[in-house]
Amino acid sequence: MRMRSLAKGLVLAWACSAGTDGAAADLAAKREGSNGRYIVHLSYPAVAVFDAAQAKRFSALKSLQPTRADDGQRLRVDSAAVKAYRKVLHTQQDEVLSGIEMRLGRNVEPALRLDVVLNAMVLELSEQEATQIAKLDGVAKIEADWVARPLTDAGPRWINAESIWDGSAGTQTRGEGVVIGVIDTGINPTHASFAARGVSDGFTHTNPMPSLVTLCSGSAPPCNSKLIGIRDFTTGSSSAEPDDGLDVDGHGSHVASTAAGNTLNVTLTLGNANVTRVLSGVAPHANLISYKACEQEADCLGSWLLAAINAAVADGVDVINYSIGG
């Protein structure tokens, strides 16, 4: 049940939207909730799409090794080629940032820098300033930040997950060895759905990935061999919740349990009757990394979502669960 093609498809969909070489595209209209944040796309291609054909388009990139992963392979951000190319992208970002500061006559500090799925910076600008810098060298496109909304899923039976669980689909792993990156409102790390051992089936999880430097470190929310990482991108002036990765809204925990929640025995009281059910995510033996990119009050800023996708691909998740809509 290795589902890397889905993750790669998301990578390419985001990365290929990064604009064109040379002159800047028209500035996108300001949208609801952008709060003066703009995503400044740069001309060099992002890590996920940089290949030999892309290198030929830019004289400064011709000597660099391609970083785009071959079909069916995972992007390796620890490779020498990716490390070298990320330095080039960061240098371009610094050069463009210097040009922006000269044009605007003030210091500009990026709220976010992206390089894996997009080569872009998120900046706090006025609409007039965004228009001023749209045609600077190295700028491919500028778009106003946007707001999205969390969506939901109907559950395992709706997609016939039982055929995977009972082996009739040719596998019985229930997601074991697969890492799912959930991009949503955060997670409740103490819930039994995300415990290191399944309550109903007694399955003991193991972490298939190297250690990740996330909010799980120190005195922050506890992680385990099931929930192996927590990140929070809901920062800045639009943020209305603590930057601790925890789920205030409840949607992120719901979505994460729908995707990969442990198998649990649950009893609910409905009127005078008790109803007992076995509940489970679609892939109860899979591992989870939570990427908080939405808040109960602030919803989901587009720049937060892009940063979460960027990190999930860099972390090497197999599947991105993205239950977000308009």
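Which residue does a disulfide join to Cys 216? Hi everyone, let's start there. The partner is Cys 223, with an S to S distance of 1.6 Å. Please keep in mind that this is a predicted model.

The torsion about that S-S bond is about -50°, so the Cys 216 and Cys 223 disulfide is left-handed. As for the surroundings, Cys 223 has 26% relative accessibility and counts as partly exposed, since buried would mean under 20%.

The disulfide count for this model is two. The other link is formed by Cys 294 and Cys 300, and here the sulfur atoms are 2.1 Å apart. This link is right-handed, with 110° about the S-S bond, and both Cys 294 and Cys 300 are buried. If you number the bonded cysteines in sequence order, you get a 1-2, 3-4 pairing.

Now let me turn to strand S6, residues 179-184. Is S6 enclosed or open? Six of its six residues are buried, so the strand is largely enclosed by the rest of the structure. Val 179, Gly 181 and Ile 183 point one way from S6, while Ile 180, Val 182 and Asp 184 point the other way. Yes, that buried set includes Asp 184.

And which strands pair with S6? One of them is S10, residues 287-292, in the parallel sense over six bridges. Another is S12, residues 319-321, also parallel, over three bridges. Gly 181 is a handy residue to click on here: its bridge partner in S10 is Ile 289, and in S12 the bridge partner of Gly 181 is Ile 320.

That's my tour, thanks for listening!

Technical notes:
Residues are numbered from 1 along each chain as its sequence is written. This is a predicted model: local features need pLDDT of at least 70, side-chain atom pairs count only at pLDDT 80 or more; totals for chains, interfaces and linings use all residues. Side-chain values use heavy atoms; hydrogens and water are left out. Buried means under 20% relative accessible area, exposed over 50%, partly exposed in between (1.4 Å probe, protein chains only). Helices (H or I, at least four residues) and strands (E, at least two) are DSSP runs, numbered from the N terminus. Two strands pair if DSSP finds at least two bridges between them. A disulfide is a pair of cysteine sulfur atoms within 2.5 Å.
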